[in-house]
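Please open the structure in your viewer and keep the sequence panel beside it. The tour below moves from one selection to the next and says what is to be found at each stop.

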Amino acid sequence: MIYKFNASEYKLVKEYALEQFYSDVVCDDENYTVEISDSDISEFMSSADDAIIGHGMVNQDNLSELGCKLQLLYDEIYYQTKEQTK
């Protein structure tokens with residue numbers, strides 16, 4: 001599956017979501033795309049969710065500014081996953 005991001009989303013993916021994701025990933029820096037094998041999609045989504053928890057939480061109930069950006073990124077990943085698997 002190929003995920004398409006804008007420049008800021010792509011930077012967040014590479015810096016935070018892929019930090020904990022140890023599978024074969026093809027990143028296209030020119031087109032801001034990330035290619036994930038179909039068998040690794042749920043693990044990729046989990047790593048994006050873990051990034052919110054690990055880097056974006058102020059406390060159990062509040063997200064930092066980075067956390068809000070990571071939450072929006074996760075929402076975009078989730079949306080693109082659902083659209084491409086229809």
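Begin by selecting Glu-9, which sits in helix H1, and bear in mind throughout that the model on your screen is a predicted one. Glu-9 counts as buried because its relative accessible area is 19%, and the cut-off for buried is under 20%. If you display the surroundings of Glu-9 and set aside neighbours within four places in sequence, you will find contacts with Leu-73 and Glu-76. Now add Tyr-74 to the selection and compare positions: Glu-9 and Tyr-74 are 65 residues apart along the chain, while their C-alpha atoms are separated by 9.7 Å.

Next, select Phe-5 and show what surrounds this residue. Not counting residues up to four places away in sequence, Phe-5 touches Tyr-10, Val-13, Asn-31, Tyr-32, Val-34, Leu-73, Glu-76, Ile-77 and Gln-80. Two of the names in that list, Leu-73 and Glu-76, were already met as contacts of Glu-9.

Keep Phe-5 selected and add Tyr-3, Phe-44 and Ile-77, since these four are the residues with the most contacts inside the largest nonpolar core, a set of 22 residues. To see where that core draws its members from, colour helix H1 (7–17), strand E3, helix H2 and helix H3 (65–84), the elements that each give two or more residues to the core. Helix H2 gives the most, with 6 residues.

Turn now to the sheet, and show the strands alone. Which order do the 3 strands take in the sheet? They form an open sheet in the order E1-E3-E2, and the pairing is antiparallel. The edge strands are E1 (2–4) and E2 (25–28), each of which pairs on one side only, and the twist from one strand to the next averages 20°. In general, the strands of a sheet pair through backbone hydrogen bonds, in either a parallel or an antiparallel manner.

Zoom in on the pairing of E1 with E3 (residues 33–36), where the two strands are joined in the antiparallel sense over 3 bridges. Here, Ile-2 stands opposite Glu-35 in E3. On the pairing of E2 with E3, which is also antiparallel, there are 4 bridges, and you can pick out Val-26 opposite Glu-35 as well as Cys-27 opposite Val-34. Follow the chain from E2 into E3 and you pass through a hairpin with 4 residues between the strands, where Tyr-32 in the turn has a positive phi of about 55°.

While Cys-27 is in view, select Cys-68 too. Cys-27 is partly exposed, with a relative accessibility of 30%, and Cys-68 is likewise partly exposed, at 40%. A search of the whole structure for disulfides finds 0 of them.

Move on to helix H3 and select Thr-81, which has its place there. Is Thr-81 buried or exposed? Its relative accessibility is 7%, so Thr-81 counts as buried. Show the side chains of Thr-81 and Tyr-3 together, and you will see that a polar contact of 2.7 Å joins them. Beyond the neighbours within four places in sequence, Thr-81 is in contact with Met-1, Tyr-3, Ile-41 and Met-45.

From there, go to helix H2, which covers residues 41–56, and select Ser-47 within it. Ser-47 is buried, with a relative accessible area of 3%, and a polar atom of its side chain lies 2.8 Å from the backbone oxygen of Phe-44. Apart from neighbours within four places in sequence, Ser-47 is in contact with Ala-17, Gln-20 and Phe-21.

For the last stop, stay in helix H2 and select Ile-52, which also has its place there. Ile-52 is buried, with a relative accessible area of 4%. Leaving aside the neighbours within four places in sequence, the residues in contact with Ile-52 are Met-57, Leu-63, Gly-67, Leu-70, Gln-71 and Tyr-74, and the last of these, Tyr-74, is the residue whose C-alpha atom you compared with that of Glu-9 at the start. Finally, draw a line from Ile-52 to Met-1: the two are 51 residues apart in sequence and 22 Å apart in space, taken from C-alpha to C-alpha.

Conventions: Residues numbered from 1 in each chain as written. Predicted model: local features only at pLDDT ≥ 70, side-chain atom pairs only at ≥ 80, totals over all residues. Heavy atoms only, no water. Buried < 20%, exposed > 50% of the residue type's maximum accessible area, 1.4 Å probe, protein only. Polar contact = N/O pair within 3.5 Å; in protein donor to acceptor, adjacent residues only side chain to side chain. Contact = heavy atoms within 4.5 Å. Pairing = 2+ DSSP bridges. Axes fitted to C-alpha atoms, helices over the stretch in contact; angles between N-to-C directions. Disulfide = S-S within 2.5 Å. Core = buried A, V, L, I, M, F, W, Y, C linked by side-chain atoms within 4.5 Å.
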